[in-house]
There are 2 protein chains.
Amino acid sequence: MPRFMDVHEGFGGVTQSEFEVAATAEDAIQAEEGVRFEHSWLDPESGKLFCLSTGPSKEAVLRIHARAGHPTAEIYEVPIEVS
Amino acid sequence: MPRFMDVHEGFGGVTQSEFEVAATAEDAIQAEEGVRFEHSWLDPESGKLFCLSTGPSKEAVLRIHARAGHPTAEIYEVPIEVS
């Protein structure tokens with residue numbers, strides 16, 4: 001299953017607990033599109049949010065975000081990684 | 001130790017093995033600044049690269065990238081995360 005990184009703006013000032021609550025909106029419906037959000041990182045100063053996921057396509061990931069109330073258009077397929 | 005996500009452009013067409021070689025430049029010197037690159041994800045189609053690291057400051061991370069020949073100015077401290 002391909003892996004994706006998507007990027008959001010506008011999460012400035014969001015706290016850890018607020019973000020955990022927000023993320024449950026995606027968690028609740030992700031399986032309907034075969035998407036799995038693996039990890040997300042948020043900078044509350046700039047409001048930038050990065051979400052790592054797997055799923056059948058970019059469009060499937062973006063549909064889950066949009067339905068969860070967190071739409072974005074910025075997404076990358078990331079088949080190459082090092083750790 | 002704070003965690004950071006930095007973003008690069010211009011890695012279009014880079015292969016897995018080329019990227020592994022490129023990343024050794026950072027690995028070789030990261031300890032000099034107390035930086036540790038944890039994971040990187042690359043989209044060879046757009047050339048976008050995301051690097052997750054820990055370190056004492058944004059500036060320390062950016063100095064390692066610059067000295068390794070991969071300068072960028074785009075970096076975010078990401079104290080909030082969910083998995």
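How many salt bridges does the rule count over all chains? The count comes to 12. Keep that number in mind as we walk through this structure, which is a predicted model.

Let us begin with how the two chains are arranged. Two copies of a chain are related by a rotation about an axis and a shift along it. Here, a rotation of 180° with 0.0 Å of shift along its axis lays chain A over chain B, with an RMSD of 0.0 Å. The two copies are therefore related as by a two-fold rotation axis. Both copies use the same surface, as 100% of the contact residues of chain A recur in chain B. If you would like to find the axis from chain A, look for Phe50(A): of the residues of that chain, Phe50(A) comes closest to it, with its C-alpha at 4.7 Å.

Now turn to the place where the chains meet. There, 29 residues of chain A are in contact with 29 residues of chain B. The size of an interface is often given as the accessible area lost when the parts come together. Between chain A and chain B the buried area is about 2500 Å², and carbon and sulfur atoms give 67% of it. Three residues are worth picking out on the chain A side: Trp41(A), Ile80(A) and Val82(A) supply 29% of the area that chain A buries against chain B, more than any other three residues.

What kinds of link cross this interface? The rule finds zero salt bridges between chain A and chain B, while 10 residue pairs are in polar contact, both residues being at pLDDT 80 or more. Several elements of chain A each supply at least two residues of the side that touches chain B, among them strand E1 (3-8), helix H1 (16-29) and strand E3 (48-54). The largest share, six residues, comes from E2(A). By class, this side of chain A has 15 nonpolar, six polar and eight charged residues.

Strand E2 of chain A also takes part in strand pairing across the chains. E2(A) is joined by three bridges to strand E5 (residues 80-82) of chain B, and the two run antiparallel. To see this pairing, find Leu42(A), which stands opposite Ile80(B) in E5(B).

Finally, look at charged residues within chain A. Side chains of opposite charge can pair when their charged atoms come close. Glu38(A) forms a salt bridge with Arg3(A), their closest N and O atoms being 2.9 Å apart. This pair links distant parts of the chain, with Glu38(A) in strand E2 and Arg3(A) in strand E1, 35 residues apart. Another residue to visit is Glu33(A), in the loop between H1 and E2 of chain A. The side chain of Glu33(A) makes a polar contact of 2.8 Å with the side chain of Arg63(A). Leaving aside residues up to four places away in sequence, Glu33(A) touches Pro56(A), Ala60(A), Arg63(A) and Ile64(A).

How values were computed. Residues are numbered from 1 along each chain as its sequence is written. Chains are lettered from A and ligands numbered from 1 in the order in which they are written. This is a predicted model: local features need pLDDT of at least 70, side-chain atom pairs count only at pLDDT 80 or more; totals for chains, interfaces and linings use all residues. Side-chain values use heavy atoms; hydrogens and water are left out. Contact means heavy atoms within 4.5 Å. Buried area is the accessible area (1.4 Å probe) that two parts lose on being put together, summed over both. A salt bridge is a side-chain nitrogen of Lys or Arg within 4 Å of a carboxyl oxygen of Asp or Glu. A polar contact is a pair of N or O atoms within 3.5 Å; within protein, one must be able to donate a hydrogen and the other to accept it, and residues adjacent in sequence count only if both atoms are side-chain atoms. Helices (H or I, at least four residues) and strands (E, at least two) are DSSP runs, numbered from the N terminus. Ala, Val, Leu, Ile, Met, Phe, Trp, Tyr, Cys and Pro count as nonpolar, Asp, Glu, Lys and Arg as charged, and the others, Gly among them, as polar. Two strands pair if DSSP finds at least two bridges between them. Copies are superposed by least squares on the C-alpha atoms of residues with pLDDT of at least 70 in both.
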